[in-house]
Amino acid sequence: MGSDRFLMQTYSRLPIGFDHGQGAWLWDTQGNKYLDAISGIAVVVLGHAHPEFVAAISDQAGKLVHTSNLYQVPLQAELGARLCAVSGMDRAFFGNSGAEANEAAIKLARRCGHERGIETPSIIVTDGAFHGRTMATLTASGNRKVHAGFEPLVSGFNRVPYDDLEAVANVGRNRNDVVAVLVEPIQGENGVVIPGSGYLRGLREICDAHGWLLMLDEIQTGMGRTGKWFAFQHEAMQPDVITLAKSLGNGVPIGACLARGAAAEVLVPGTHGSTFGGNPLACRAALAVLDRIETEDLVTHAARLGAYIVAELQRRIGAWPVVAAVRGAGLMIGVELRRACSDIVNLAMDAGVLVNVTNERVIRLLPPLNLIHSEADILVDAVANAISEFARSP
Ligand SMILES: Cc1ncc(COP(=O)(O)O)c(C=O)c1O
């Protein structure tokens, strides 16, 4: 493998690299085969080399990759309409990543505040959140490791504990500069943290009472991952803004900020933009993702297969002393251990399965949504074996 000495050392990379993939499987440059239960961190939602997806982006690459937002982009308009139809939103803005999608949401909220005469608008965010690595999104993130060394942080954020409605209500009682709440419906990087049922509805009520925007970061949870198109659809509520990226392009970079009602009218010509955002190639990729999710009914499949995996893991390992919790929504699954367990990644990799450990103690599974039943069984076996081996180690 080539040396990475010409790359900035921003990542602690594992010592393998991949040559090609097929469905939920990856082959490394040595010819070893792995079941991919992380799918590029919730990105490759259709699995690798999905034939219809490959055909769509190949066809588009041969026709037109990029023109710019100086002109009409028919595929962008079509994608906006399709996303609004499945999410209940009114308008979309397209960027190239999750962080950019959240930047758009933050700008939208601030501008909304200014329109209402609030000169220093502030946004409520939560402990443990992850919203990206740009200056505003790292400030919005609730993890000191993400902040360290990048101070001064951006002003205009108020942090509260996650899954704590009273804390949000309390900010409302004490401040009059709040314009929005930005929150993940399930915290991904923090370890698949699922709030109590009614959290999002409760946030909706508080936001309505104060005239705040409710902005949900669905970058990891969106596009069918949790067994609904969007995680907010598990509760009978509708946010004002949602942000998407990751699975949206199945690996072709694209992010989106969707808004509804008055919030959808805030960003007008000259206020925001992106050179690449929503270009024909990225939009064709996302349209192919939407087509396949619908045609293959992957939302229902994710709900059912995810419930099966969680039940199997509960049955096999739920009572083990080292296991603190098994939890999940659709194919966003976390197994929390009682001690730091980054070694699990290597143990599972040696057994031919790729998993991720996040927040030190949580084994995170984010397989492609079209994982099949027999692959789910391989995954459960591998996770159980890796934990058993790990538990025997000091
Ligand atoms: C919930 C959430 N928001 C935002 C981001 C940032 O996305 P990106 O890395 O595409 O900028 C991530 C990435 O992990 C995420 O999980």
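**The ligand site and selected residues of a predicted model**

Of the 13 residues around the ligand, the ones that come nearest are Gly98, Ala99, Asp217, Gln220 and Lys246. The structure described here is a predicted model. Three of the approaches to the ligand can be followed atom by atom. At alanine 99, a backbone N or O atom lies 2.8 Å from an oxygen atom of the ligand. Glutamine 220 uses its side chain instead, with a polar atom 2.8 Å from a ligand oxygen. Lysine 246 likewise places a polar side-chain atom 3.2 Å from an oxygen atom of the ligand. Taken alone, the ligand exposes 390 Å², and the protein buries 81% of that.

The make-up of the shell around the ligand can also be described. Helix α4, which spans residues 98-115, provides the largest share of this shell, with three residues. By character, the shell residues divide into three nonpolar, six polar and four charged.

The loop between β8 (213-217) and β9 (241-244) deserves a closer look, beginning with threonine 221, which lies in it. Is threonine 221 buried or exposed? Its relative accessibility is 0%, so threonine 221 counts as buried. The side chain of threonine 221 makes a polar contact with the side chain of glutamate 218, at 2.7 Å. Setting aside neighbours within four places in sequence, threonine 221 is in contact with Pro185, Ile186, Thr226, Trp229, Ala231 and Met332.

Aspartate 240 has its place in the loop between β8 and β9 too. With a relative accessible area of 10%, aspartate 240 is buried, because buried means under 20%. Two polar partners can be named for this residue. The side chain of aspartate 240 makes a polar contact with the side chain of arginine 204 at 2.9 Å, and the side chain of aspartate 240 also reaches the backbone nitrogen of leucine 214 at 2.7 Å. When residues up to four places away in sequence are not counted, aspartate 240 touches Met89, Arg204, Trp212, Leu213, Leu214, Leu258, Ala259, Arg260 and Ala263.

Aromatic rings come next. The structure holds four aromatic pairs. In one of them, the rings of phenylalanine 18 and tyrosine 34 have their centres 5.8 Å apart and their planes at 85°, so this pair is edge-to-face. Phenylalanine 18 belongs to strand β1 (residues 18-22) and tyrosine 34 to strand β3 (residues 33-36), so the pair ties together parts that are 16 residues apart in sequence. As for accessibility, phenylalanine 18 counts as partly exposed at 35%, whereas tyrosine 34 is buried, with a relative accessible area of 6%. Elsewhere, Trp229, Phe230 and Phe232 form one aromatic cluster; Trp229 is also among the contacts of threonine 221.

Which residues of helix α7 (residues 165-174) are buried? They are Ala167, Val168, Ala169, Val171 and Gly172. These buried residues pack against three strands, β5 (122-126), β6 (157-160) and β7 (178-183), and against helix α8 (199-210). The N-terminal end of α7 is capped by aspartate 164, with a side-chain oxygen 3.2 Å from the backbone nitrogen of glutamate 166.

Two further loop residues complete the picture. Serine 141 lies in the loop between α5 (135-140) and α6 (144-147), and serine 141 is buried, with a relative accessible area of 0%. The side chain of serine 141 reaches the backbone nitrogen of histidine 131 at 2.8 Å. Not counting residues up to four places away in sequence, serine 141 touches Ala129, Phe130, His131, Gly132, Val146, His147 and Arg159. Between serine 141 and glycine 23, which are 118 residues apart in sequence, the C-alpha to C-alpha distance is 33 Å.

Glycine 277 is found in the loop between β10 (255-259) and α9 (280-295). Its relative accessibility is 3%, so glycine 277 counts as buried. Leaving aside neighbours within four places in sequence, glycine 277 is in contact with Asn69, Gln76, Phe94, Gly95 and Asn96. Glycine 277 and arginine 315 are 38 residues apart along the chain, and their C-alpha atoms are separated by 45 Å.

Note on methods:
Residues are numbered from 1 along each chain as its sequence is written. This is a predicted model: local features need pLDDT of at least 70, side-chain atom pairs count only at pLDDT 80 or more; totals for chains, interfaces and linings use all residues. Side-chain values use heavy atoms; hydrogens and water are left out. A residue is near a molecule or strand if one of its heavy atoms lies within 4 Å of it. A polar contact is a pair of N or O atoms within 3.5 Å; within protein, one must be able to donate a hydrogen and the other to accept it, and residues adjacent in sequence count only if both atoms are side-chain atoms. Accessible areas come from the Shrake-Rupley method with a 1.4 Å probe; for residues, only the protein chains shown count as cover. Helices (H or I, at least four residues) and strands (E, at least two) are DSSP runs, numbered from the N terminus. Ala, Val, Leu, Ile, Met, Phe, Trp, Tyr, Cys and Pro count as nonpolar, Asp, Glu, Lys and Arg as charged, and the others, Gly among them, as polar. Buried means under 20% relative accessible area, exposed over 50%, partly exposed in between (1.4 Å probe, protein chains only). Contact means heavy atoms within 4.5 Å. Rings of Phe, Tyr and Trp (its six-membered ring) pair if their centres lie within 6.5 Å; planes under 30 degrees apart count as stacked, over 60 as edge-to-face and the rest as tilted.
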